[in-house]
Amino acid sequence: QVQLVESGGGLVQPGGSLRLSCAASGRLFTFYDMGWYRQAPGKQRELVARVTIRATTDYLDSVKGRFTISRDNAKNTVYLQMNSLKPEDTAVYYCNVNSRDQYGDSRVHWGQGTQVIVSS
């Protein structure tokens, strides 16, 4: 089985920073696209950022210039550096990983979510 372990959430003041981490593990799996989604109260889940195995990145327009996604393939870990945080960034952030097993079958995995609260 593939396991995702998220960390880095918490309470921060507006303008502050947080760094989220998501480590994926599983024998005989290759992890391709990795990303972060978020869901604020009363809103649908939305893609915040994603990065491919070749390090191509995409961002939600509202976080461009403030958030940076990166990955360490040796550690099977994806990061989300969040700077200049705003109250509207408050949400539960979910790690999302696309994997392929030794037979080439693709699967999608979700982390349990980590809470980010931006408030003074």
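**Close-up views of a predicted model**

**View 1. The salt bridge between Glu46 and Arg38 joins two side chains of unlike exposure.** In this predicted model, the side chains of Glu46 and Arg38 form a salt bridge, with nitrogen and oxygen 3.0 Å apart. Glu46 counts as partly exposed because its relative accessibility is 31%. Arg38, in contrast, has a relative accessibility of 6% and therefore counts as buried. The pair belongs to a network of salt bridges that links Arg38, Glu46, Arg66 and Asp89.

**View 2. Further salt bridges include Lys64 with Asp61 and Arg107 with Asp101.** The count for the model comes to six salt bridges. In the bridge between Lys64 and Asp61, the closest N and O atoms are 4.0 Å apart. Asp61 has a relative accessibility of 62%, and so it is classed as exposed. Between Arg107 and Asp101, the closest N and O atoms are 3.0 Å apart. Are Arg107 and Asp101 buried or partly exposed? Arg107 is partly exposed, because its relative accessible area is 40%. Asp101 is buried, as its relative accessible area of 15% is under the 20% limit.

**View 3. Cys22 and Cys95 form a disulfide.** A search of the whole structure finds one disulfide. The sulfur atoms of Cys22 and Cys95 are 2.1 Å apart. The torsion about their S-S bond is about -85°, and the disulfide is therefore left-handed. Which parts of the chain does the pair tie together? Because Cys22 lies in strand S3 and Cys95 in strand S9, the disulfide connects parts that are 73 residues apart in sequence. Both Cys22 and Cys95 are buried.

**View 4. The largest nonpolar core holds 27 residues.** Nonpolar side chains tend to be buried together in soluble globular proteins. Within this core, the residues that touch the most other members are Trp36, Phe67, Val78, Leu80, Met82 and Tyr93. At least two core residues come from each of S3, strand S4 (30-39), strand S5 (46-51), S7, strand S8 (77-82), strand S9 (91-100) and strand S11 (114-118). What does Val78 touch, leaving aside residues up to four places away in sequence? Its contacts are Leu20, Ser21, Cys22, Met34, Trp36, Val51, Ile69, Ser70, Arg71 and Cys95. Val78 thus touches both cysteines of the disulfide shown in View 3.

**View 5. Four strands form an open, antiparallel sheet.** Strands of a sheet pair through backbone hydrogen bonds, either parallel or antiparallel. Here the strand order is S1-S3-S8-S7, and the pairing is antiparallel. Which strands lie at the edges of the sheet? Strand S1 (3-7) and strand S7 (67-72) do, each pairing on one side only. On average, neighbouring strands of this sheet are turned by 15° against each other, with direction ignored. S1 and strand S3 (residues 18-25) run antiparallel and are joined by five bridges. The bridge partner of Gln3 in S3 is Ser25.

**View 6. Leu11 is an exposed residue of strand S2.** Strand S2 spans residues 10-12 and contains Leu11. Leu11 has a relative accessibility of 64%, and it therefore counts as exposed. When residues up to four places away in sequence are not counted, Leu11 touches Ile117 and Ser119. How many ångströms separate the C-alpha atoms of Leu11 and Val108? The separation is 29 Å, for residues that are 97 residues apart along the chain.

**View 7. Ala55 and Ser84 have positive phi values although neither is glycine.** Phi of Ala55 is near 75°. Ala55 is found in the loop between S5 and strand S6 (57-59). With a relative accessible area of 51%, Ala55 is exposed, because the limit for that class is over 50%. Phi of Ser84 is near 50°. Where is Ser84 placed? Ser84 occupies the loop between S8 and S9. At 42% relative accessibility, Ser84 counts as partly exposed.

Methods: Residues numbered from 1 in each chain as written. Predicted model: local features only at pLDDT ≥ 70, side-chain atom pairs only at ≥ 80, totals over all residues. Heavy atoms only, no water. Pairing = 2+ DSSP bridges. Axes fitted to C-alpha atoms, helices over the stretch in contact; angles between N-to-C directions. Core = buried A, V, L, I, M, F, W, Y, C linked by side-chain atoms within 4.5 Å. Buried < 20%, exposed > 50% of the residue type's maximum accessible area, 1.4 Å probe, protein only. Contact = heavy atoms within 4.5 Å. Disulfide = S-S within 2.5 Å.
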